[in-house]
Amino acid sequence: MNIYDRLQALHITLPPVAVPAAAYVPFVQSGNMVFLSGHIAKQDGKAWVGQLGRNMTTEQAKAAARAVAIDLLGTLHAAVGDLNKVQRIVKVMSLVNSTPDYTEQHLVTNGCSELIGEVFGDKGAHARSAFGVAQLPMGACVEIELIAELA
């Protein structure tokens, strides 16, 4: 099954690339590697605000991470023109806005990782880091970046 058929089966419509909010570009390709800038979680077009361990649950943030994954896929599509060209999702790095005593950043990040696995199958198995941070731009609950290899 091609990637777009999988997206359709999951009822996912890829969003357009968001306009950067600062001095950076949404993606850079170097050779057969594509590096996507960090994408913050959005809800209803605005930053999905919250801090884990204070005013947001792991399940809510996991849903936010899934939403970030969809945005990342939209950017990756814009970068490469055809998601079927992706040989492998190499790495995901997740920053979770959390209190010092919150320790479930890895579970939040599963929202992104699980969706990537559903979309890309074995090509979606990736290395990953999940960090807790004191704050993110605009108070967002999660920010995720991605590296992909092209065939």
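Analyst: Let's start with one term: a contact means heavy atoms within 4.5 Å. This is a predicted model, in which local features need pLDDT of at least 70 and side-chain atom pairs count only at pLDDT 80 or more, while totals for chains, interfaces and linings use all residues. Residues are numbered from 1 along each chain as its sequence is written, and side-chain values use heavy atoms, with hydrogens and water left out.

User: Happy to begin there. Which residues is Thr99 in contact with, leaving aside its neighbours within four places in sequence?

Analyst: Thr99 is in contact with Gln51, Leu52, Gly53 and Arg54. Thr99 sits in the loop between E5 and H3.

User: What do labels such as E5 and H3 stand for, and how many helices and strands does the chain have?

Analyst: Helices (H or I, at least four residues) and strands (E, at least two) are DSSP runs, numbered from the N terminus. Here there are three helices and seven strands. Reading from the N terminus, their order is α-β-β-β-β-α-β-α-β-β.

User: How does the radius of gyration of the chain relate to the globule rule?

Analyst: The radius of gyration is taken over C-alpha atoms, and the globule rule is 2.2 Å times the number of residues to the power 0.38. For these 151 residues the rule gives 15 Å and the radius of gyration is 15 Å, so the chain is as compact as a globular protein of that length. The C-alpha trace spans about 40 × 30 × 25 Å along its principal axes. As for contacts in the chain with a separation of 6 or more, 81% of them join residues 24 or more positions apart.

User: And how do I read burial? Is Thr99 buried or exposed?

Analyst: Buried means under 20% relative accessible area, exposed over 50%, and partly exposed in between (1.4 Å probe, protein chains only). Thr99 counts as buried because its relative accessibility is 13%. Over the whole chain, 42% of the 151 residues count as buried.

User: Where does Gly31 lie, for a loop at the other end of that scale?

Analyst: Gly31 lies between strand E1 (27-30) and strand E2 (33-40). With 63% relative accessibility, Gly31 is exposed. Pro20 is 11 residues away along the chain, and the C-alpha atoms of Gly31 and Pro20 are separated by 23 Å.

User: What about residues in between? Which residues does Lys85 touch?

Analyst: Beyond four places in sequence, Lys85 touches Val80, Glu149, Leu150 and Ala151. Lys85 belongs to the loop between helix H2 (58-80) and strand E5 (86-97), and its relative accessible area of 43% makes Lys85 partly exposed. Lys85 and Ala151 are 66 residues apart in sequence, yet their C-alpha atoms are 5.6 Å apart.
Asp71, in helix H2, is partly exposed too, at 22% relative accessibility. Apart from residues up to four places away, Asp71 touches Pro15, His39 and Ile40. From Asp71 to Ile40 the C-alpha distance is 9.0 Å, with their positions 31 residues apart in sequence.

User: Which residues touch the most other members in the largest nonpolar core?

Analyst: In soluble globular proteins, nonpolar side chains tend to be buried together. A nonpolar core is a set of buried Ala, Val, Leu, Ile, Met, Phe, Trp, Tyr and Cys residues joined through side-chain atoms within 4.5 Å. In this chain the largest one has 38 residues, and Leu76, Ile89, Phe120, Val142 and Leu146 touch the most other members. At least two residues each come from helix H1 (3-9), E2, H2, E5, helix H3 (105-120) and strand E7 (142-150). H2 gives the largest share, 11 residues.
Take Val142: beyond four places in sequence, its contacts include His39, Ala64, Val68, Leu95, Val108 and Leu136.

User: Last one: how should I read a positive phi, and where is Asp44 found?

Analyst: Most residues other than glycine have a negative phi. Asp44 has a positive phi of about 55 degrees although it is not a glycine. Asp44 is in the loop between strand E3 (42-43) and strand E4 (46-47), and is exposed at 77% relative accessibility. Met138, also not a glycine, has a positive phi of about 60 degrees. Met138 lies in the loop between strand E6 (127-133) and E7, where its relative accessible area of 58% makes Met138 exposed.
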